[in-house]
Every structure is written in structure tokens, then in C-alpha cells.
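User: I am new to reading protein models. Could we go through this one step by step?

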There are 2 protein chains.
Amino acid sequence: MNRDFHDLLEAKWDEGKFLCVGLDPDIEKMPAAARKEHIADTILTFNKAIIDATHDIVCTFKPNPAFYEQYGEEGWHALKETVSHINTIAPGIPVILDAKRGDIGNTNIGYAKMAFDYIGADATTVQPYQGGDALAPFLERKDKGIIVLVKTSNPGSEEFQGLQTGGEPLYKTVARTIVEKWNVNKNCAVVVGATYPEELKEMRAIVGDMPILMPGIGAQGGDLEASVKVGKDSRGKGMIINASRAVIFASNSGNFAEAARAKAQKYDGAIRKALVE
Amino acid sequence: MNRDFHDLLEAKWDEGKFLCVGLDPDIEKMPAAARKEHIADTILTFNKAIIDATHDIVCTFKPNPAFYEQYGEEGWHALKETVSHINTIAPGIPVILDAKRGDIGNTNIGYAKMAFDYIGADATTVQPYQGGDALAPFLERKDKGIIVLVKTSNPGSEEFQGLQTGGEPLYKTVARTIVEKWNVNKNCAVVVGATYPEELKEMRAIVGDMPILMPGIGAQGGDLEASVKVGKDSRGKGMIINASRAVIFASNSGNFAEAARAKAQKYDGAIRKALVE
């Protein structure tokens, strides 16, 4: 049977797991213990330690290519090997490539090949600005997750996303368009920052049981408990709650992997608690 | 003196050059003569032939990473070497990396490093959806060109870009925001598809003498003459007119480089003619 992002995700949700760990390596924040002669080895050693220490807690891992491609070929090698390592030690965990790519359709063919065929990700994030026709090469991939930016976690996301258009902010129109037009293959999901609980609540009402990727807890200061309470779907599921820096750089000493595990367990516990309260 | 994107571009405009050739290699469309054992060699051999045959005609070259990163490390190697080749044989030609990246600020630091420091591009295209605060790592690079998607060339670009917001379509608000708020370092430019001449005319009125990158002539069917007439700035300059497939795949026989040169000359001639009419 082919891997299917949504099936893999549902299986993790059935285990009560909603935490996503963002694999966003930053050489300067890494402990000396993880540093090797070559950048690719440094990144891979670090990532493997984090993956090995947290894979039984998470529903997904989410590498962001920005933290790899700044190192060129070496970074891309480390990114591909990171995904391979996840697939080897925890084949039931879907991988989200947080690439936020977007171009015209002819060009997005290349980006879809990169994310799904070269890197081997199960899902990827995409930009909505160019419209649904441009995203066709992603939306056609039925077994993959196409996670569209709707309301992002950054402080200035209101600048355009909050503009009133037809009586509601733009991000709501984007969400409605995804639900009503783009989700033909039932493979769409949305990004809504956990830094905006009020908007998250409204968004859940619009998208129904569609998965919501929620970045912004941890280093960005989002309220985890509030986000879970308003972000869960009608079944008490539907969430991919991401923390990156707060987990992977929980400590910069030799025990960084154990510290990452402890932080992931803390978030996992807080999510489970918020779900039953 | 440091390389400055806008200075390099002005120098090419002073030579009467406005054509941008998009270096978007597609292995399947390449002539047998360019194919080598390794993908990186194939791409690089093809690109070098195109660059060598057209560099005296163009104002910029514009590689799009989607056509490289689908081949992983090999593709990234070819992309970096392509830019190095341009810098070697024609150091006066600025290179635009058409990466259309966009993320939160902390992550965009990585993308800016990739485009400007690793690849060595003089400019890059970026996504507006997350707002100006997110783009700070790009906007801070004073000597680089930060080219923001405004009205894209694809048929479905109206889906969100055309939404009415505050009495005008969204893309006009995006353009005004770039002009009024983001262009502090005078390093911004905008993307407006040559497939929309009416919108291009309105856009020139909004952005003044800011450079406009115009994709969409050639394979996408944009009207070159109409685009030049309404797209030029008050000095008869300000345009980066892109053709990709129509030039680089002008022929798939052994004379592909000569055919690309002939097609580039045809466009260059048409631009010059439209400018004096």
C-alpha cells in the first residue's frame, strides 16, 4: 500500500499524539558535541539525536529547507538523509517539508518533484498568493498533504492577511477557497499560527475537520493550552502543533537530546491535559 | 566597490538592454547534444551554451531554483556553477534568483543567506503574503534586489490578487505597501506579469520608476509590444522583460544555442522598436 499522509497522521492522532517537532538546525545554536568537520555531518548528527530522542512522542517531524539550503549541496544532502533516517527508524511518522514554495503551475511541477519525489516528504507547505491553478501540481498528489499558508504566526501577518475583502479578512477568504475549491482530493490542510488563538477558533469553524498545522508555540510565544482548546476538531483531533527552537535547542550542552525529549514530553503532556479539560 | 543590483541593472538599461533570459532547464526538453552522464553536467553544459550565446543581448539572467532542486544536490551544484559562469564571462550582468521564497523572519535569514551568500545572486524574488516584517532579512540587504510578487502571470492569479480590498484589488494594495513602507533601502522591485497589460499600466503609475520584472512573454503568450509601451518608466527604462522556455528551448536540435540567440535577438529588437514607436 502506498504511504498516505492523512492516513499516517490519523494513526498518530489515534495514539493521542499531536506534537510536531520542527527540525530547523542552526549551526550556531548547536552544542559542541554535535559539531563535526563537515556541515552535513554536523546537521545530520544533531537531527538524528533529536529524532531518536523524540520520535515516540510526536505525530510528525517538520524540517524547513531554509535551514539546510543556506549550506548548499551539503545542506541538501543532510535534509534528504534526515528524512531517510525518520523513514528508517519510525516509518509510521509522516514528514512535512515546510518549504512554503509557490510559483506558476509549470514551475511548481519542479517543486512538487523536489518535495515528494527527491526529498521523499509526505506533505509540504505552499503559498496561496498565486491562486489554485498555480498549485495544481501539488493538489493533484492525492496521497500527499498540501498544507496552505492561511494565517501565519509572525507579528506582521495582519499586513495583508488581515485586509478586509468582501466583509471578512483575506485569510478567511483563503481558507474558504481551500475548503470549497482546492480540496477536491481531500488532501489539503491549513497553517494557522498558534500565536493567534482567536483567529484559530474562527478558522476551525471554517475548515471543519481539515488538519490545521499550528506553528508558534515555544520560541514564538503562542499559548499552547488556548490553542488546543479552540484548535481541535469535532473529534478532538485535527491538530499538528509545532515547536522547533524551543524543543531542539532546549539545551546547548552535551545532554541536548535528553533536554529536547524532556521539552517534547512537557508539550505533549500539556496538549493531552488541555484536550481532556 | 561592492556589486549593487540596481547599479548593474541601470548600466544594462543604459546599453538599451531589457531582456531577461530565464535559465529554467528541463532535461526532457533539452537536445541530445547537451545530455551528459550526470544531471549536473547536463544542466551546466546546456546553461553555459545558452549564456555564452545570449549574454551580450540581455540585461539579466534569471535561474529559477525549482528547475534545479528537483534534482537535489546535483541540481544545486549546477545552479551555483551556473551563477559562477555568468559572473566569470559577464561580470556586469546581474543575476536574479527567481526563488519566490517566503517565511517568518527568523527563517528568511536562511533563505537570504542561500540566495545572496551561497548562490551569489544579486537579486531574488519573494512572496508578499506573510507581510513586511517577515521579509526584513531580505529588505535589509541594501545592495541586493528584493523583487516582490505583485500581479503574477498565471491565468488564475486573480483568485486572491484580484480581490477587492479598500476599493482596489489586493495586488494594488501590495504594490502601494512596497512603495510606501518596504522600500526604505531603495532596493525593492515588483513582479507584474506581461500577460496583463492593463494591470501593468496601472502598476507603473503606482510604483513610479521602481523596476518591474515582467514574466509571461513567449511561452505564456504575453504581448511584448503592449507590455513595453505601458510598462516602461518615465525615462523609458525600468523594465526586466523575461522569456524562459521560448528562448532556451527555441530549438531542440544541435543548434539550440544559436536558435536561442536568434530568439533573444528577436525579442530584443521588438523591445527596442516598441520603445521608439
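User: Let us start in chain B. In which sense do β8(B) and strand β9 pair?
Analyst: This is a predicted model, so each value here is computed from it. β8(B) and strand β9 (residues 212-214) of chain B are joined over 2 bridges. In one of them, B:V190 has B:I212 as its partner in β9(B). The sense of the pairing is parallel.

User: Which strand is joined to β8(B) by 5 bridges?
Analyst: The two strands run parallel. B:V148 has B:V190 of β8(B) as its bridge partner. B:L149 is bridged to B:V191 of β8(B). The strand is β5(B), residues 145-151.

User: Which residue of β5(B) is the bridge partner of B:V126?
Analyst: Strand β4 (residues 123-126) of chain B pairs with β5(B) in the parallel sense, over 4 bridges. The β5(B) partner of B:V126 is B:V148.  B:V148 also has a bridge partner in β8(B), namely B:V190. So the residue asked for, by the pairing in β5(B), is B:V148.User: How many residues of β8(B) are buried?
Analyst: B:C188, B:V190 and B:V192 point one way from the strand, and are buried. B:A189 and B:V191 point the other way, and are buried too. β8(B), residues 188-192, is mostly covered, and its buried count is 5 of 5.

User: Is β5(B) enclosed or open, and how many of its residues are buried?
Analyst: The count of buried residues decides this. β5(B) is largely enclosed by the rest of the structure, because its buried residues number 7 of 7.

User: Now a helix. How far apart are the end C-alpha atoms of α12(B)?
Analyst: Helix α12 of chain B has 21 residues, 256-276. At 1.5 Å a residue, it should span 30 Å. The distance in the model agrees with that: 31 Å.

User: Where around the axis of α12(B) do its buried residues lie?
Analyst: The buried residues are B:F256, B:A257, B:A260, B:R261, B:K263, B:A264, B:Y267, B:D268 and B:I271. Around the axis they cover an arc of only 165°. That arc therefore puts them on the same side of α12(B).

User: Which exposed residues does the opposite face of α12(B) carry?
Analyst: First, the buried side: its residues pack against β1 (19-23), α2 (39-54), α10 (224-231), β10 (239-243) and α11 (245-248) of chain B. The other face is turned away from that buried side. Its exposed residues are B:G269, B:K273 and B:V276.

User: Over to chain A. Within what arc do the buried residues of α10(A) fall?
Analyst: Helix α10 of chain A covers residues 224-231, and its buried residues are A:L224, A:S227, A:V228 and A:G231. They line one face of the helix, because they fall within an arc of 100°. Their cover includes α9 (197-207), β9 (212-214), β10 (239-243) and α12 (256-276) of chain A. The arc, seen down the axis, is 100°.

User: Which element gives the most to the side of chain B that touches chain A?
Analyst: The contact takes 46 residues from chain B and 46 residues from chain A. On the chain B side, elements that supply at least two residues each include α3 (66-69), α4 (72-89) and α5 (105-118). By class, this side has 16 nonpolar, 22 polar and 8 charged residues. With 7 residues, the top contributor is α5(B).

User: By what kind of axis are the two copies related?
Analyst: A turn of 180° and a shift of 0.0 Å along the axis lay chain B on chain A, with an RMSD of 0.0 Å. The copies are thus related as by a two-fold rotation axis.

User: What share of the interface residues of chain B are also interface residues in chain A?
Analyst: The copies meet through the same surface. That follows because the share is 100%.

Terms used
Residues numbered from 1 in each chain as written. Chains lettered and ligands numbered in written order. Predicted model: local features only at pLDDT ≥ 70, side-chain atom pairs only at ≥ 80, totals over all residues. Contact = placed C-beta atoms within 7 Å. Nonpolar A, V, L, I, M, F, W, Y, C, P; charged D, E, K, R; others polar. Expected span 1.5 Å × (residues − 1). Buried ≥ 20, exposed ≤ 12 C-beta atoms within 10 Å, placed from the backbone. Arc of directions from axis to C-beta. Least-squares fit on C-alpha atoms with pLDDT ≥ 70 in both. Pairing = 2+ DSSP bridges.
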